[in-house]
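Me: Can you walk me through this structure? I'll ask as we go.

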Amino acid sequence: MNAPGAPGSLPVIRAHYADILCQLAGEHDVPRGPLLTSAGIRPSMLSHPDNLITVDQFTLLCREALRRSGNSALGLEFGRRLKFTTHGSLSQAAISCDTLHQALSVLIKYFRIRFVYMELDFFVDGEDAVVQLSLAHDVEDLYRFNIKVVMASLMDVNQLLFGARLIETGVCRLDYPEPEHTEGYRAIFGDRVDFSCGVNQLRFRKSFLELPISLSNPVTRRVAEAQCEEELRSIDAATSVTSRVRRLLEAVRGGGLPGLEAIADQMSMSPRTLRRQLSSEGARYQVLLDQVRHERALELLRRGRLSIDEIADSLGYSDPSNFGRAFRKWEGVSPTVWRAQHLPQR
């Protein structure tokens, strides 16, 4: 069940993504009609690419397509079907940039207009440029599926623009253990894919950031970015204040989570106004903050790369014992015990 104000009931996924998934599922002998019915999607909704479905509907569709097809590689196949033209104004804005660095900046800025429940980050780490994907929802059974979809789609766009240059000297890192069958991964990433890394990243030489894009066109870029901005405003207008606050908190990576004043500033309103609007939706900032801390704590413990003290610090606890008390309240056991019970066997 969604928390109050959660984005699941909002129309924020374009229907043609569902249409493409239905086409793929059909190739695995999964009939379109029953699949759409199970997700509560009317067939007529897929008749126009600008129609919207909800996150809940799309989540159900993905879950049912995966279950009914029995194909663990469905996420990779779906990602490869999402060509750059699939993403409309987002892709048009990115491929019209002058360089890869500019394209990544545009992609990061507007990624949410296509995948509202995911976060895409970009940074430089030593000699590597890093594109990192994080999921801002708790649909655990679709976690790997969603990672596969986005990573495969990003690689397809990279291949179109730059051929094999980016991945030849780079690597794809995934945070889950290596599956029994890896043929689908090798077909996309070659031998340059590592598992159980605690992160989901595409890494390549930072020198490639200045590679020119052959389709660069400043006029086309301005028009496409204006369309992206309009879509972003529409999403924000349809999204509750509670959901926007959660999204901003979930997007923070490292350095502790911000206080209400900092979030209010990002939303261009006073702290008093933010408190009032949250209250009108039956929400409180401290509760939202604790929810995100709880989810982030479980994520970091599950990855097993940081110590308990480091996790406490990353969540903004100045005293690890305070984190321990909060965690026992959430889960009924200490962080150390929970990690021992849930850390994947490698």
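The chat below covers the sheet, the nonpolar cores and the cysteines.

Reply: This is a predicted model, where local features need pLDDT of at least 70, side-chain atom pairs count only at pLDDT 80 or more, and totals for chains, interfaces and linings use all residues. Residues are numbered from 1 along each chain as its sequence is written, and side-chain values use heavy atoms, with hydrogens and water left out.

Me: What order do the strands of the open sheet come in?

Reply: The order is β3-β4-β7-β5-β6, with mixed pairing. Strands are DSSP runs of E, at least two residues, and helices are runs of H or I, at least four, numbered from the N terminus; two strands pair if DSSP finds at least two bridges between them.

Me: Which strands are at the edges?

Reply: β3 (118-125) and β6 (193-194), each pairing on one side only. β3 runs antiparallel to β4 (residues 128-135) over eight bridges.

Me: Switching topic: which residues touch the most other members of the largest nonpolar core?

Reply: Phe58, Leu61, Phe78, Leu133, Leu174 and Phe189, out of 76 residues. A core is a set of buried Ala, Val, Leu, Ile, Met, Phe, Trp, Tyr and Cys residues joined through side-chain atoms within 4.5 Å, buried being under 20% relative accessible area (1.4 Å probe, protein chains only).

Me: Which helix gives the most to it?

Reply: Helix α7 (residues 143-162), with nine residues.

Me: How many disulfides?

Reply: Zero, counting pairs of cysteine sulfur atoms within 2.5 Å.

Me: Why is cysteine 97 not bonded to cysteine 228?

Reply: Because their sulfurs are 10 Å apart, too far for a bond. Cysteine 97 is also buried, at 0% relative accessible area.

Methods
Buried means under 20% relative accessible area, exposed over 50%, partly exposed in between (1.4 Å probe, protein chains only).
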